[in-house]
Amino acid sequence: GSNGSVVLENKRGIWESELPSIVSIRKSDDSLKYKAETEDGRTAVGAIPSTMGAKIVASAVFLDFGITDAITDKHRKYPASYVIPVKKKEEDE
């Protein structure tokens, strides 16, 4: 619910964007690291794990042993929607 900016990174690239937004990311087998900062200076750092669908797992194992998919990471995916958790702003006393 806060405006700000974010840097997203995996082994396939680095993406910078304003928040909130939708960003297209290249798939990878490693986690998608993020570093976000809100307009009021709050920060959040973390990672979004990549996953592999069960249907793709079966095709990779039984059809081509995953050789092509392992090189391209096409079998991997990140969640379609993700909310970066940012600590609540501390109220002035």
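Two strands are said to pair when DSSP finds at least two bridges between them. With that in hand, Leu8 stands opposite Trp15 in strand S2, and this is a good place to start a tour of the structure. Please keep in mind that the model is predicted.

**The overall plan**

The protein has 93 residues, of which 26% count as buried. Its secondary structure comes to 2 helices and 6 strands. Following the sequence from start to end, you meet the pattern β-β-β-β-β-α-α-β. Among contacts with a separation of 6 or more, 48% are between residues 24 or more positions apart.

**How the strands pair**

Strand S1 is a helpful guide, with strands S2 and S3 as its partners. S1 and S2 run antiparallel, and a hairpin of 2 residues joins them. S1 also pairs with S3, again in the antiparallel sense. S3 in turn runs antiparallel to strand S4. Between S3 and S4 lies a hairpin of 4 residues, and Gly41 in its turn has a positive phi of about 95°. The table collects these three pairings.

| Strand pair | Bridges | Residues standing opposite |
|---|---|---|
| S1 and S2 | 7 bridges | Leu8 and Trp15 |
| S1 and S3 | 6 bridges | Val7 and Lys35 |
| S3 and S4 | 6 bridges | Lys33 and Ala47 |

Another facing couple is found between S1 and S3, where Gly4 stands opposite Thr38.

**Two faces on a strand**

In a regular strand, side chains alternate between the two faces of the sheet. S1 shows this alternation: Gly4, Val6, Leu8 and Asn10 point to one face and are buried, while Ser5, Val7 and Glu9 point to the other and are not buried. In S3, the covered face holds Leu32, Tyr34, Ala36 and Thr38, and the uncovered face holds Lys33, Lys35 and Glu37.

Returning to the facing residues, Val7 belongs to the face of S1 that is not buried, and its opposite number Lys35 sits on the uncovered face of S3. Gly4, on the buried face of S1, stands opposite Thr38, which is on the covered face of S3.

**A closer look at Ala36**

Is Ala36, in strand S3, buried or exposed? Its relative accessible area is 4%, which is under 20%, so Ala36 is buried. Leaving aside residues up to four places away in sequence, Ala36 touches Ser5, Val6, Leu19, Arg42, Thr43, Ala44 and Ile84. The C-alpha atoms of Ala36 and Gly4 are separated by 7.3 Å, although the two residues are 32 residues apart along the chain.

**One aromatic pair**

How many aromatic pairs are there? The count comes to 1 aromatic pair. It is made by Tyr34 and Tyr82, whose ring centres are 6.0 Å apart and whose planes meet at 50°, so the pair is tilted. Tyr34 lies in strand S3 and Tyr82 in the segment after strand S6, so the pair ties together parts that are 48 residues apart in sequence. The two partners can be described by their accessibility as well: Tyr34 is buried at 6%, whereas Tyr82 is partly exposed, with a relative accessible area of 38%.

**The largest pocket**

Rolling a probe the size of a water molecule over the atoms shows where empty space is left. Here, the largest pocket has a volume of about 730 Å³. It is lined by 24 residues, and those closest to its centre are Leu19, Ser21, Tyr82, Val83 and Ile84. Strands S1 and S3 are the elements that give two or more residues to this lining. Sorted by class, the lining has 16 nonpolar, 5 polar and 3 charged residues. Some names are familiar by now: Leu19 and Ile84 are among the residues touched by Ala36, and Tyr82 is a member of the tilted aromatic pair.

**Pro49 in a loop**

A last stop is Pro49, in the loop between strand S4 and strand S5. Which residues does Pro49 touch, not counting those up to four places away in sequence? They are Ser31, Lys77, Tyr78 and Pro79. Pro49 and Tyr78 are 29 residues apart along the chain, and their C-alpha atoms are separated by 6.8 Å.

Definitions and conventions:
Residues are numbered from 1 along each chain as its sequence is written. This is a predicted model: local features need pLDDT of at least 70, side-chain atom pairs count only at pLDDT 80 or more; totals for chains, interfaces and linings use all residues. Side-chain values use heavy atoms; hydrogens and water are left out. On a 1 Å grid over the protein atoms alone, a cavity is a set of points where a 1.4 Å probe fits but cannot get out, and a pocket is an open set with protein on both sides within 12 Å along at least five of seven lines; lining residues have an atom within 4 Å of a point. Grid points are joined across faces, edges and corners, and a volume is the space filled by probe spheres set on the points. Ala, Val, Leu, Ile, Met, Phe, Trp, Tyr, Cys and Pro count as nonpolar, Asp, Glu, Lys and Arg as charged, and the others, Gly among them, as polar. Buried means under 20% relative accessible area, exposed over 50%, partly exposed in between (1.4 Å probe, protein chains only). Contact means heavy atoms within 4.5 Å. Rings of Phe, Tyr and Trp (its six-membered ring) pair if their centres lie within 6.5 Å; planes under 30 degrees apart count as stacked, over 60 as edge-to-face and the rest as tilted.
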